[in-house]
Amino acid sequence: MITKVEHIGIAVSDLDRAEKLFEQLLGVKPYKRETVKSEKVITSFFKTGETKIELLSAADDDSVIKKFIEKKGEGVHHIAFATDDIEADMERLAKQGFQLLQQRPKPGADNKLVAFIHPKSAGGVLVELCQDKD
Ligand code: ZN
C-alpha cells in the first residue's frame, strides 16, 4: 500500500550550488550525500517534515541525470511514494497497465528498495516506489 510522498527528486547540474540554494530555501542543511553507482548519480537529501527533497546530479557523462538535464533542463525529476510492500504494489500497478521500468525492486539511495514507473503511463510523471530496507 502506498502510504505517503516519501520525497521529491530534483535534477541539478551543480550539486554544491543547489545544496546552498535549497539550504537557504528550506532553512536546514542536507543530512546526507550518497552516490548511487548503478544509476551514476550523486544524491543529497534534505528533511522537510514528513517528506524529503532529493537533489540528483550526474556522477558521470552517461548518467541519466545528465541526459535529463540536456533534454528538459534542471527541475523536478521524479516523485517518490513510500510503500509498505513494494513487490505487492509493483504487481498491482503492472496489472493495472502501468509500465514498470524494473521487474524486481533494486537498491536505491537512502537505504531503500526502489522501482520506477515510466512517465508515459503515469501522467507524465516519473514515479518512484520505495520501501525501507530492513
Ligand atoms: Zn528518488
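**Figure 1. Two buried glutamates at the zinc ion of a predicted model.** Both E54 and E128 are buried. Each falls under the 20% limit on relative accessible area that the word implies. E54 and E128 each give the zinc ion an OE donor. E54 sits in strand β4, residues 51-58, and E128 in strand β8, residues 127-132, so the pair ties together parts 74 residues apart in sequence.

**Figure 2. The full donor set of the zinc ion.** H7 and H78 coordinate through NE2, E54 and E128 through OE. The coordination distances run from 2.1 to 2.2 Å. Along the chain, the donors are spaced as H-x46-E-x23-H-x49-E. What is the geometry of the site of the zinc ion? It is irregular, with angles of 83 to 168° among the four donor atoms. A tetrahedral label would require all angles to lie between 85 and 135 degrees, so this range does not qualify.

**Figure 3. I8 in strand β1.** Strand β1 covers residues 2-11 and includes I8. I8 is partly exposed, with a relative accessible area of 27%. Leaving out residues up to four places away in sequence, I8 touches K52, I53, E54, V76 and H78. Two of these contacts, E54 and H78, also coordinate the zinc ion. A88 is 80 residues from I8 in sequence. Their C-alpha atoms are 22 Å apart in space.

**Figure 4. The largest pocket.** The space in the largest pocket comes to about 730 Å³. Its lining holds 32 residues. Which of them lie nearest the centre? They are V64, F68, H77, F116 and L126. By class, the lining divides into 17 nonpolar, eight polar and seven charged residues.

**Figure 5. Elements around the largest pocket.** At least two lining residues come from each of β3 (41-48), β4, α2 (64-72), β5 (75-83), β6 (106-108) and β7 (112-117). Which element supplies the largest share of the lining? Helix α2 does, with six residues. Strand β4 appears here as a contributor to the lining, and it also carries the zinc donor E54.

**Figure 6. D60 and K40, two loop residues in contact.** D60 lies in the loop between β4 and α2. K40 is placed in the loop between β2 (32-36) and β3. Beyond neighbours within four places in sequence, D60 is in contact with K40 and K66. Both loop residues are partly exposed: D60 has a relative accessible area of 32%, and K40 has 31%. D60 and K133 are 73 residues apart along the chain. The C-alpha atoms of D60 and K133 are separated by 27 Å.

**Figure 7. Positive phi at K40 and D110.** Most residues other than glycine have a negative phi. K40 is not a glycine, yet its phi is positive, about 55°. D110, also not a glycine, has a positive phi of about 60°. The loop of D110 runs between β6 and β7. Is D110 buried or exposed? D110 is buried, at 9% relative accessible area. K40, by contrast, counts as partly exposed, at 31%.

**Figure 8. F98 in the loop after α3.** F98 is found between α3 (86-95) and β6, in the connecting loop. Its relative accessibility is 29%, so F98 counts as partly exposed. What does F98 touch, residues up to four places away in sequence not counted? The contacts are L93, I117, S121 and A122. V12 lies 86 residues from F98 along the chain. The C-alpha atoms of F98 and V12 are separated by 27 Å.

**Figure 9. T48 in strand β3.** T48 has its place in strand β3. At 24% relative accessibility, T48 counts as partly exposed. Its contacts are L26 and I53, once neighbours within four places in sequence are left aside. I53 is also touched by I8. T48 and A115 are 67 residues apart in sequence. From C-alpha to C-alpha, T48 and A115 are 23 Å apart in space.

Definitions and conventions
Residues numbered from 1 in each chain as written. Predicted model: local features only at pLDDT ≥ 70, side-chain atom pairs only at ≥ 80, totals over all residues. Heavy atoms only, no water. Donors = N, O, S within 2.8 Å, 3.2 Å for Na, K, Ca; no water. Tetrahedral: all angles 85-135°; square planar, octahedral: opposite > 155°, others 65-115°. Helix = DSSP H or I, 4+ residues; strand = E, 2+ residues; numbered from the N terminus. Buried < 20%, exposed > 50% of the residue type's maximum accessible area, 1.4 Å probe, protein only. 1 Å grid on protein atoms, 1.4 Å probe; cavity = no way out; pocket = protein on both sides within 12 Å on 5 of 7 lines; lining within 4 Å. Points joined across faces, edges and corners; volume = space filled by probe spheres on them. Nonpolar A, V, L, I, M, F, W, Y, C, P; charged D, E, K, R; others polar. Contact = heavy atoms within 4.5 Å.
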